[in-house]
Amino acid sequence: MDPVNVSVIYYSATGTVHALAQAVAEGAEKAGATVRLRKVAETAPDAAISANPAWVEHRAATADVAEATHDDLAWADAVLFGTPSRFGNPASQLRAFIDTTGPLWFAGKIAGKVFSAFTASNTAHGGQESTILALSNTFYHWGGIIVPPGYTDPIQFQSGNPYGTSHVANDGAPGEVALQAARHQARRVVDTTAALKAGRAAA
C-alpha cells in the first residue's frame, strides 16, 4: 500500500504553533507518512506585525515555508491543523484559508479524510479546547473522520488535553511534554489513517 499522505497546515504569529507543527510533522514522518508542512497566508496588516518584534522575527525565519493551497488538502489522506486560540476560536488567518475550501467540499474531495487539530493560547484555560472543538465543526461539515489523541499514551496524562496537543505560550516555547504529545498525536493519526486506507483497499 502507498504511504499515508499527511498535510500539516498551521498558522503561527510568533512561533509557538510553528514549533508544535514541526513536532507533528516529525511524528508523522517517523510513523512512515509522506508529509507536507504548510503555513497559511498572513492576513494581518504590516502595522500590526511590525509593532511586535517577535512577530517580525518569526515571519522572516519561516519565509521559506510554503503556503498552503487546496492541493495540499486534496493530496492528503489526513490533515492536522494548528492554530493559536483567539478568544476561544481558531485564528482568522487559518479560518480565511478554510473559508476558501467550498469548491473542494462541493466536489467531494475532502469527505472521508482524517482530521485532527492542535493549538496554543497565552494563558492556561485560554480557550484551547474550544478552539479545537470549533475546528471540529468544520470537519463535521466536510464529512471528515476526527482522530483526537485521547488518553492513548502515557504522555497524554502529562499534557492533559485529550482533544489535541496544546501549549500555554506564556510559559515559553513548547517543552518536551508538548512536543512529545504532538508527535504522539501525529502517530495516532497516521496509524488510524493507514488502517482506514488498508480497509478501503480491501473492500
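Student: Ser85: buried or exposed?
Tutor: Buried. Its relative accessible area is 9%, and the cut-off for buried is under 20%. Keep in mind that this is a predicted model.

Student: Where does Ser85 lie?
Tutor: In strand S3, which covers residues 78–86.

Student: What does the side chain of Ser85 reach?
Tutor: The backbone nitrogen of Gly88, at 3.4 Å.

Student: And which residues does Ser85 touch, leaving out those up to four places away in sequence?
Tutor: Thr119, Ala120, Ser121, Gly126, Gly127, Gln128 and Thr131.

Student: Switching to pockets. What volume has the largest pocket?
Tutor: About 350 Å³. It has 18 lining residues, and Ser85 is among the closest to the centre, along with Pro84, Arg86, Asn122 and Ala169.

Student: Which elements give two or more residues to that lining?
Tutor: Helix H1 (16–30), S3 and strand S5 (114–121). S3 gives the largest share, three residues. By class, the lining has seven nonpolar, ten polar and one charged.

Student: How much space is in the second largest pocket?
Tutor: About 250 Å³. Its lining has 13 residues. Nearest the centre are Gln128, Ser159, Ser166, His167 and Val168. Gln128 is also one of the residues that Ser85 touches.

Student: Which element gives the largest share of that second lining?
Tutor: S7, with three residues. The classes are four nonpolar, eight polar and one charged.

Student: Last one. Which residues does UniProt list for the domain?
Tutor: Residues 6–190, as "domain: Flavodoxin-like", in an unreviewed entry. Over that range the chain is 45% helix and 19% strand. The end C-alpha atoms are 8 Å apart.

Note on methods: Residues are numbered from 1 along each chain as its sequence is written. This is a predicted model: local features need pLDDT of at least 70, side-chain atom pairs count only at pLDDT 80 or more; totals for chains, interfaces and linings use all residues. Side-chain values use heavy atoms; hydrogens and water are left out. Helices (H or I, at least four residues) and strands (E, at least two) are DSSP runs, numbered from the N terminus. Buried means under 20% relative accessible area, exposed over 50%, partly exposed in between (1.4 Å probe, protein chains only). A polar contact is a pair of N or O atoms within 3.5 Å; within protein, one must be able to donate a hydrogen and the other to accept it, and residues adjacent in sequence count only if both atoms are side-chain atoms. Contact means heavy atoms within 4.5 Å. UniProt positions are given in the numbering used here, feature names are shortened, and annotations may be inferred rather than shown by experiment. On a 1 Å grid over the protein atoms alone, a cavity is a set of points where a 1.4 Å probe fits but cannot get out, and a pocket is an open set with protein on both sides within 12 Å along at least five of seven lines; lining residues have an atom within 4 Å of a point. Grid points are joined across faces, edges and corners, and a volume is the space filled by probe spheres set on the points. Ala, Val, Leu, Ile, Met, Phe, Trp, Tyr, Cys and Pro count as nonpolar, Asp, Glu, Lys and Arg as charged, and the others, Gly among them, as polar.
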